[in-house]
Amino acid sequence: MKTIDLHVHSVYSDGSLTPTELVALAANTGLSAFALTDHDTTDGVDEALHAAAGTGLEVIPGIEFSTRYLHRDIHVLGYYMDYHAAAFQKQLKEFLDARALRNRQMCERIQEYAKAPINLPELERCWPGAVITRAHMAAWLVERGYVETRTIAFDKYLGEHAPCFVAKSEVTPKDAIHLILEHGGIPVLAHPLLYALSKKQLRALVRELKECGLMGIEAVYVLNRGSDEAFVRSLAEEHGLLVTGWSDFHGKNKPNIALGAGIKSGLSVPCELLEQLKRARAGTLNNSRES
């Protein structure tokens with residue numbers, strides 16, 4: 001059975017592999033397609049497409065937007081947008097400028113609480129070309145001996161309830177969905193069970209986002225347990241949403257997660273989910289031509 005992975009990160013955000021290296025790994029793993037979904041950037045997509053040319057491996061242009069809802073980080077995936085469009089990239093720059101301000105503020109807090117000489121230019125020097133995230137701050141703290149593990153870095157300094165945390169500017173899930181739709185893409189709610197929302201709150205979020213154009217939900221996810229997938233699939237069915245997934249691969253930055261296989265070897269996402277995504281995209285394109 002051919003398999004896919006619709007949630008993959010590169011060095012352009014908080015992954016450890018270049019887009020070219022991801023293409024090689026995906027081909028060696030036997031995937032037929034993967035989506036590059038770096039945080040708040042599409043800078044790695046062209047490289048991945050170029051590396052995959054002529055290999056038979058399909059690269060889906062994607063992105064993962066970081067947004068805020070009920071004082072929580074909520075992530076919205078976008079697939080097949082016209083990411084070269086000037087208006088799309090202009091909006092991305094505005095999002096990234098807000099992220100840079102937040103990163104500077106968090107570095108200042110880490111300097112105070114951890115007594116560590118961390119700053120944004122230093123992080124950018126260590127990870128050139130990447131969209132700097134809390135994962136990079138955690139890695140910096142570990143590599144320089146201020147904490148033993150990234151988990152401790154988040155628990156002690158960087159997590160949402162830790163003293164160095166600074167909330168992102170209020171880019172909402174609706175903002176991300178509208179931007180994706182405006183540029184011909186498919187917006188999908190990422191890993192909905194990671195947000196510490198009650199089932200009532202999650203249902204309200206999905207209903208609200210569906211009304212403003214949400215087209216899919218990530219039901220197949222690497223950290224699902226027990227009946228998690230069945231519950232999210234029920235939400236998808238209730239609201240007429242596509243189902244996507246899956247690994248949230250970050251390379252050595254999340255070493256227990258394998259591309260296309262997650263934590264447990266043998267798990268996989270069938271190509272049928274990608275075919276559904278493509279049919280939805282075709283419908284979106286046809287509607288835009290008719291309007």
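In what follows, Lys and Arg count as positive and Asp and Glu as negative, while His and the chain ends are left out of the count. With that in mind, let us look at the protein chain above, which is a predicted model. The chain carries 31 positive and 36 negative charges, and the mean positions of these two groups are 4 Å apart.

Now step back and take in the whole chain. Its backbone forms 10 helices and 8 strands. Along the principal axes, the C-alpha trace spans about 55 × 45 × 40 Å. How does the radius of gyration agree with that of a compact globule? For 291 residues, a compact globule would have a value near 19 Å, and the protein chain has 18 Å, so the two agree.

Next, think about inside and outside. Of the 291 residues in the protein chain, 53% are buried. The accessible surface comes to about 13200 Å², and carbon and sulfur atoms account for 52% of that area. The contacts tell you about the fold too: among those between residues at least 6 apart in sequence, 71% join residues at least 24 apart.

What lies in the interior? The largest nonpolar core has 68 residues, and those with the most contacts inside it are F34, F65, Y79, F88 and L189. A second, separate core has 22 residues, including L120, M137, A153 and V166. Let us pick F34 and look around it. Leaving aside neighbours within four places in sequence, F34 is in contact with D5, V8, L22, V23, A26, L57, E58, V59 and I60.

From here, move on to L36, which belongs to strand β2, made of residues 31-36. Is L36 buried or exposed? Its relative accessibility is 2%, and because buried means under 20%, L36 counts as buried. Apart from residues up to four places away in sequence, L36 touches V8, H9, S10, P19, L22, G44, V45, A48, I60, P61, G62 and I63. You can also try finding V220 from here: L36 and V220 are 184 residues apart in sequence, and their C-alpha atoms are 17 Å apart in space.

Follow the chain onward from β2 and you come to a loop that leads to helix α2 (45-52), where D40 is found. D40 is buried, since its relative accessibility is 5%. Its backbone deserves a look as well. Most residues other than glycine have a negative phi. The phi of D40, however, is positive, near 60 degrees.

K115 is another residue with a positive phi that is not a glycine, and here the angle is near 55 degrees. Look for K115 in the loop between α3 (86-114) and α4 (120-126). Is K115 buried or exposed? With a relative accessible area of 63%, K115 is exposed.

Further along, the loop between α6 (150-158) and α7 (173-182) holds F165. The residue C164 lies in the loop between α6 and α7 as well. F165 is buried, with a relative accessible area of 11%, and C164 is buried at 0%. Which residues surround them? Setting aside neighbours within four places in sequence, F165 is in contact with R68, R102, M106, R109, R134, Y157, L158, G159 and E160. On the same basis, C164 is in contact with M106, R109, I110, Y113 and Y157. Compare positions along the chain, too. F165 and C107 are 58 residues apart along the chain, and their C-alpha atoms are separated by 9.5 Å. For C164 and L101, 63 residues apart along the chain, the separation between C-alpha atoms is 14 Å.

Our last stop is I186, in strand β5, which covers residues 186-189. Its relative accessibility is 0%, so I186 counts as buried. To place I186 in the fold, find T67: the two are 119 residues apart in sequence and 17 Å apart in space, C-alpha to C-alpha.

Technical notes:
Residues numbered from 1 in each chain as written. Predicted model: local features only at pLDDT ≥ 70, side-chain atom pairs only at ≥ 80, totals over all residues. Heavy atoms only, no water. Helix = DSSP H or I, 4+ residues; strand = E, 2+ residues; numbered from the N terminus. Rg over C-alpha atoms; globule rule 2.2 N^0.38 Å. Buried < 20%, exposed > 50% of the residue type's maximum accessible area, 1.4 Å probe, protein only. Contact = heavy atoms within 4.5 Å. Areas by Shrake-Rupley, 256 points an atom, 1.4 Å probe, with all protein chains shown as cover. Charge placed at Lys NZ, Arg CZ, Asp CG, Glu CD. Core = buried A, V, L, I, M, F, W, Y, C linked by side-chain atoms within 4.5 Å.
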